[in-house]
Amino acid sequence: STYCTYCPLGNSMLSILTSQRDDIIWVGIHGDLGSGHDPYTTTQGDNIMTYLTGGSISYPSGVFDRTPGWDDDNAISNGLGYNATYHQQIANELSNFFDYITLSTPTFATIEGMCLIPEEGEATITISGEITPDFDVMMGEDAKLNVYVVEDSLVARQLNSGRWVEGYVHNGVFRTALGSEFGVALNKTSETTYSNEFTLTIPEGWRTEKLHVVAFISRPLKNAETGVFTDMFVDNAEIFNFAVAEGIEETLIEDDAIPVAYYDVTGRQLNGPQQGINIVKMSNGTAKKVLVK
């Protein structure tokens with residue numbers, strides 16, 4: 001929260017942690033505190049925080065892969081407002097915890113994304129991938145695909161150690177969840193594949209060049225009344241940039257990259273190239289517009 005005087009301490013510690021690892025996706029869910037109103041508070045964000053914490057929200061707190069066991073064997077939300085003297089030590093301990101999660105929790109699904117912002121109209125987001133044959137057994141038939149839109153480099157004043165800091169930069173700020181803040185069912189296109197499509201009207205003031213899509217597969221959020229916090233774990237997560245249609249090249253560049261997926265101009269995945277304009281996703285992560293006659 002921008003009204004949280006200790007939140008910059010958590011921000012500083014997490015910055016150290018992310019500088020040490022390349023496998024962290026950071027989503028900052030903001031909320032109101034006291035009588036103040038955080039400009040990035042959303043109803044969806046409030047709902048997510050209520051479920052993750054059982055309604056007892058403290059600032060700053062963090063949830064890591066929605067997994068218990070770092071600071072509390074039964075809770076997945078832990079405080080992050082540590083004194084700066086201990087930031088490196090805490091970052092190191094968290095890094096060890098992430099290594100433990102990686103070793104103890106295999107991944108049962110891949111995540112690929114195609115996020116397009118056309119010259120006019122709604123943005124289209126397609127999240128697809130492969131799942132193992134035993135996915136339903138290991139993750140449950142009620143596993144959820146969660147898709148968040150976040151924005152970097154948002155500037156707002158921030159309370160810091162009792163003083164207001166003007167021009168504080170907030171990154172990875174949660175803007176909205178697509179489909180539902182509680183996730184949606186994977187749309188299985190075969191026994192080992194899935195593909196989910198979403199549309200988004202970009203609100204005025206959101207800067208498309210600073211937006212990212214965070215997609216992750218997890219167990220569903222549990223109602224706080226049940227008191228169950230040990231069954232929400234995240235299986236896999238990826239982050240994607242938006243491609244602006246008017247900036248996509250008209251022809252393929254001959255290099256080592258190969259086509260890995262085809263989409264129409266609305267973002268719907270195709271089985272292969274079709275007549276008309278095709279959006280081709282390449283193996284190097286780029287997207288190109290190709291006209292097939």
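Which side chains meet in a salt bridge at 3.2 Å, N to O? The side chains of E112 and K281 do, and they appear in the first of the close-ups below.

This is a predicted model, in which local features need pLDDT of at least 70, side-chain atom pairs count only at pLDDT 80 or more, and totals for chains, interfaces and linings use all residues. Residues are numbered from 1 along each chain as its sequence is written, and side-chain values use heavy atoms, with hydrogens and water left out.

**View 1. E112 and K281 form a salt bridge.** Here a salt bridge is a side-chain nitrogen of Lys or Arg within 4 Å of a carboxyl oxygen of Asp or Glu. E112 belongs to strand β3 (residues 112-117) and K281 to strand β17 (residues 276-282), so the pair ties together parts that are 169 residues apart in sequence. Helices (H or I, at least four residues) and strands (E, at least two) are DSSP runs, numbered from the N terminus. E112 is partly exposed at a relative accessible area of 41%, while K281 is buried at 9%. Buried stands for under 20% relative accessible area, exposed for over 50%, and partly exposed for the range in between (1.4 Å probe, protein chains only). If you want to look for other such pairs, a search of the whole structure finds nine salt bridges.

**View 2. Strand β8 is largely enclosed by the rest of the structure.** Six of the six residues of β8 (residues 173-178) are buried. Strand β5 (residues 144-151) pairs with β8 in the antiparallel sense over five bridges; two strands pair if DSSP finds at least two bridges between them. One bridge to find here joins V149 to T176 in β8. A salt bridge also joins the side chains of R175 and E151 (3.0 Å, N to O). This pair links β8, which holds R175, to β5, which holds E151, across 24 residues. R175 counts as buried at 17% relative accessibility, and E151 counts as buried at 0%.

**View 3. D142, R219, K222 and D231 are linked in a network of salt bridges.** Side chains of opposite charge can pair when their charged atoms come close. Within the network, D231 and K222 meet at 3.3 Å, N to O. D231 is partly exposed, with a relative accessible area of 22%, and K222 is buried, at 19%.

**View 4. Helix α1 packs its buried residues against α3, β6 and β7.** The 14 residues of α1 (residues 7-20) reach 20 Å from first C-alpha to last, close to the 20 Å expected at 1.5 Å a residue. That expected span is 1.5 Å times one less than the number of residues. C7, P8, G10, M13, L14 and L17 are buried in this helix. Their packing partners are α3 (87-104), β6 (154-160) and β7 (163-170).

**View 5. S1 sits in the segment before α1.** S1 is buried, with a relative accessible area of 8%. Its side chain reaches the backbone oxygen of G31 at 2.8 Å. Leaving aside neighbours within four places in sequence, S1 is in contact (heavy atoms within 4.5 Å) with C7, G31, D32, L33, D38, Y59 and Q158.

**View 6. K288 lies in strand β18 (residues 287-292).** K288 is buried, with a relative accessible area of 6%. K288 and N278 are 10 residues apart in sequence and 8.2 Å apart in space, C-alpha to C-alpha.

Technical notes:
Polar contact = N/O pair within 3.5 Å; in protein donor to acceptor, adjacent residues only side chain to side chain.
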